[in-house]
Amino acid sequence: MTVRIRLSRGGSKKHPYYRVVAADQRAPRDGRFIEKLGSFNPLLPQDHQDRLVLDVEKVKAWLAKGAQPTDRLQKLFANLGLCEAPKIGNQPKKSAPKAKALERIKEKEEKARAAAEAAAAEAAAAEAATESVEA
């Protein structure tokens, strides 16, 4: 029996609310579970204290027993320091910028660099002018 720590959905349509549960891997998502470990409300702001409410001792006990958290919970647990963050796999090359987009990015960088150089030269000229007036 493989135990997973996962989210069990509750709440109404368009208003999700999740219970953090330890459940058998073969059990349905919202079905039978072994133990409730906390709750997760994704509608609250990220810094809100009630967004993720956990019984940390129970979570640590289940992780020590070998329970595997899902990717979403692994991210949340990593923020609390309970486990390591999941490794991000290879990003698809299909979403990488194409040739024209790369050209536009280079042009913007060159324009920004030229503007910064012009501003620096102008500031140096203005500084030199104020020094010559003072002298």
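## Pocket lining and sheet architecture

The residues that line the largest pocket divide into 4 nonpolar, 4 polar and 3 charged. In this predicted model, that pocket holds about 250 Å³ of space, and its lining is made up of F40, Q46, H48, Q49, R51, L52, R72, K75, L76, N79 and L80. Which element gives the most to the lining of the largest pocket? Helix 2 does, with 5 residues.

Two of the lining residues, F40 and L52, also face one another in the sheet, since L52 in strand 4 is the bridge partner of F40. The sheet itself is open and has 5 strands in the order 4-3-2-1-5, with mixed pairing. Its edges are formed by strand 4 (52–54) and strand 5 (68–69), each of which pairs on one side only.

Strands of a sheet pair through backbone hydrogen bonds, in either a parallel or an antiparallel arrangement. Three of the pairings are set out below, each with one pair of partner residues.

| Strands | Sense | Bridges | Partner residues |
|---|---|---|---|
| Strand 1 (residues 3–12) and strand 2 (residues 15–24) | antiparallel | 10 bridges | S8 opposite R19 |
| Strand 2 and strand 3 | antiparallel | 5 bridges | V21 with K36 |
| Strand 3 and strand 4 | antiparallel | 3 bridges | F40 with L52 |

Two helices accompany the sheet. Helix 1 (residues 56–65) lies across strand 1, strand 2, strand 3 (35–40), strand 4 and strand 5, and it runs at about 120 degrees to strand 3. Helix 2 (residues 71–80) likewise packs on the sheet, where it touches strand 1, strand 2, strand 3, strand 4 and strand 5, while its direction makes about 100 degrees with that of strand 1.

Individual positions in strand 1 add detail to this picture. V3 has its place in strand 1, and is V3 buried or exposed? Its relative accessible area is 12%, and because buried means under 20%, V3 counts as buried. Leaving aside neighbours within four places in sequence, V3 is in contact with A22, A23, I34, W62, A67 and Q68. Among these partners is I34, which stands 31 residues from V3 along the chain, with 8.9 Å separating the two C-alpha atoms.

G10 also lies in strand 1, but at 24% relative accessibility it counts as partly exposed. Apart from residues up to four places away in sequence, G10 touches H15, P16 and Y17. The C-alpha atoms of G10 and V20, which are 10 residues apart along the chain, are separated by 11 Å.

A further position lies outside the strands: N41 is found in the loop between strand 3 and strand 4. With a relative accessible area of 17%, N41 is buried, because that value falls under 20%. Which residues does N41 touch, not counting those up to four places away in sequence? They are P16, Y17, D50 and R51. P16 and Y17 are also touched by G10, whereas R51 is one of the residues that line the largest pocket. The loop residue N41 thus has contacts with R51 of the pocket lining as well as with P16 and Y17, which belong to the stretch assigned to strand 2 (residues 15–24).

Definitions and conventions. Residues numbered from 1 in each chain as written. Predicted model: local features only at pLDDT ≥ 70, side-chain atom pairs only at ≥ 80, totals over all residues. Heavy atoms only, no water. Pairing = 2+ DSSP bridges. Helix = DSSP H or I, 4+ residues; strand = E, 2+ residues; numbered from the N terminus. Contact = heavy atoms within 4.5 Å. Axes fitted to C-alpha atoms, helices over the stretch in contact; angles between N-to-C directions. 1 Å grid on protein atoms, 1.4 Å probe; cavity = no way out; pocket = protein on both sides within 12 Å on 5 of 7 lines; lining within 4 Å. Points joined across faces, edges and corners; volume = space filled by probe spheres on them. Nonpolar A, V, L, I, M, F, W, Y, C, P; charged D, E, K, R; others polar. Buried < 20%, exposed > 50% of the residue type's maximum accessible area, 1.4 Å probe, protein only.
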